[in-house]
Amino acid sequence: MTSEEERRRQHRHQHKQRVLRGISDELVSDFDAATRAQGSDRSNITRQLWEWYLHRPGAQLPERPEPPTRDADT
């Protein structure tokens, strides 16, 4: 049987969480789908963008996914 403190320790995040406000659920969903299609995840792509923005040595923009195909009717 695990103690309450051991249980809490098991469920803590390894890295401190950061919060971004003002991002719609639709944008988050589309971003998650695009990052998965690239074999990545939201945190990895966001970190790459931040490093590029700050001119960190060796930082490069992540590769963008192909734009979604649009129906001719829209």
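# Chat about a three-helix model

Me: Let's start at the front end. Where does R7 lie?
Reply: R7 lies in helix 1, which covers residues 4-10. This is a predicted model, by the way.

Me: Noted. And how accessible is R7?
Reply: R7 counts as partly exposed, at 41% relative accessibility.

Me: How far is R7 from P65 in space?
Reply: C-alpha to C-alpha, R7 and P65 are 40 Å apart, with 58 residues apart in sequence.

Me: OK, zoom out for me. How many helices and strands does the protein have?
Reply: Three helices and zero strands. Going along the sequence, the pattern reads α-α-α.

Me: What's the radius of gyration, set against a compact globule of 74 residues?
Reply: The protein has 18 Å, whereas a compact globule of 74 residues would have a value near 11 Å.

Me: And what box do the C-alpha atoms fill?
Reply: Roughly 60 × 40 × 25 Å, taken along the principal axes.

Me: How much of the protein counts as buried?
Reply: Just 7% of the 74 residues. As for the accessible surface, that comes to about 7,600 Å², and 49% of it belongs to carbon and sulfur atoms.

Me: Switching to salt bridges. What does the count come to?
Reply: One salt bridge. D32 forms it with R42, and the closest N and O atoms are 2.8 Å apart.

Me: Which helices does that pair tie together?
Reply: D32 lies in helix 2 and R42 in helix 3, so the pair ties together parts that are ten residues apart in sequence.

Me: D32 first: buried or exposed?
Reply: D32 is buried, because its relative accessible area is 17% and the cut-off for buried is under 20%.

Me: And its partner R42, what's the relative accessible area there?
Reply: For R42 the value is 41%, so R42 is partly exposed.

Me: Pockets next. How much space lies in the largest pocket?
Reply: About 820 Å³. Its lining has 19 residues, and those closest to the centre of the largest pocket are R18, L20, R42, S43 and T46.

Me: R42 again, then. Which helices each supply at least two residues of that lining, the one of the largest pocket?
Reply: Helix 2 (25-37) and helix 3 (42-53). Helix 3 gives the largest share of the lining of the largest pocket, with seven residues.

Me: What about the chemistry of the lining of the largest pocket: how many nonpolar, polar and charged?
Reply: Eight nonpolar, five polar and six charged residues.

Me: And the second largest pocket, how much space lies in that?
Reply: About 410 Å³. The second largest pocket is lined by 16 residues, and F31, A34, E63, R64 and P65 lie nearest its centre.

Me: Which elements give two or more residues to the lining of the second largest pocket?
Reply: Helix 2 and helix 3. In the second largest pocket the largest share of the lining comes from helix 2, with five residues.

Me: Same breakdown for this lining, please: how many nonpolar, polar and charged in the second largest pocket?
Reply: The lining of the second largest pocket divides into ten nonpolar, two polar and four charged residues.

Me: Any backbone oddity to look at? What is going on with phi of H55?
Reply: Phi of H55 is near 60 degrees, which is a positive value in a residue other than glycine. H55 is found in the segment after helix 3.

Me: H55: buried or exposed?
Reply: Exposed, since H55 has a relative accessible area of 70%.

Me: Let's follow the chain on to E66. Where does E66 lie?
Reply: E66 lies in the segment after helix 3. E66 is exposed, with a relative accessible area of 70%.

Me: How far apart are E66 and Q38 in space?
Reply: They are 9.7 Å apart, C-alpha to C-alpha, and 28 residues apart in sequence.

Me: Last one, R47. Where is R47 found, in which helix?
Reply: R47 is found in helix 3. Its relative accessible area is 45%, so R47 is partly exposed. From R47 to P68, the C-alpha atoms are 24 Å apart in space, and the two residues are 21 residues apart in sequence.

How values were computed: Residues are numbered from 1 along each chain as its sequence is written. This is a predicted model: local features need pLDDT of at least 70, side-chain atom pairs count only at pLDDT 80 or more; totals for chains, interfaces and linings use all residues. Side-chain values use heavy atoms; hydrogens and water are left out. On a 1 Å grid over the protein atoms alone, a cavity is a set of points where a 1.4 Å probe fits but cannot get out, and a pocket is an open set with protein on both sides within 12 Å along at least five of seven lines; lining residues have an atom within 4 Å of a point. Grid points are joined across faces, edges and corners, and a volume is the space filled by probe spheres set on the points. Helices (H or I, at least four residues) and strands (E, at least two) are DSSP runs, numbered from the N terminus. Ala, Val, Leu, Ile, Met, Phe, Trp, Tyr, Cys and Pro count as nonpolar, Asp, Glu, Lys and Arg as charged, and the others, Gly among them, as polar. Buried means under 20% relative accessible area, exposed over 50%, partly exposed in between (1.4 Å probe, protein chains only). A salt bridge is a side-chain nitrogen of Lys or Arg within 4 Å of a carboxyl oxygen of Asp or Glu. The radius of gyration is taken over C-alpha atoms; the globule rule is 2.2 Å times the number of residues to the power 0.38. Accessible areas come from the Shrake-Rupley method with a 1.4 Å probe; for residues, only the protein chains shown count as cover.
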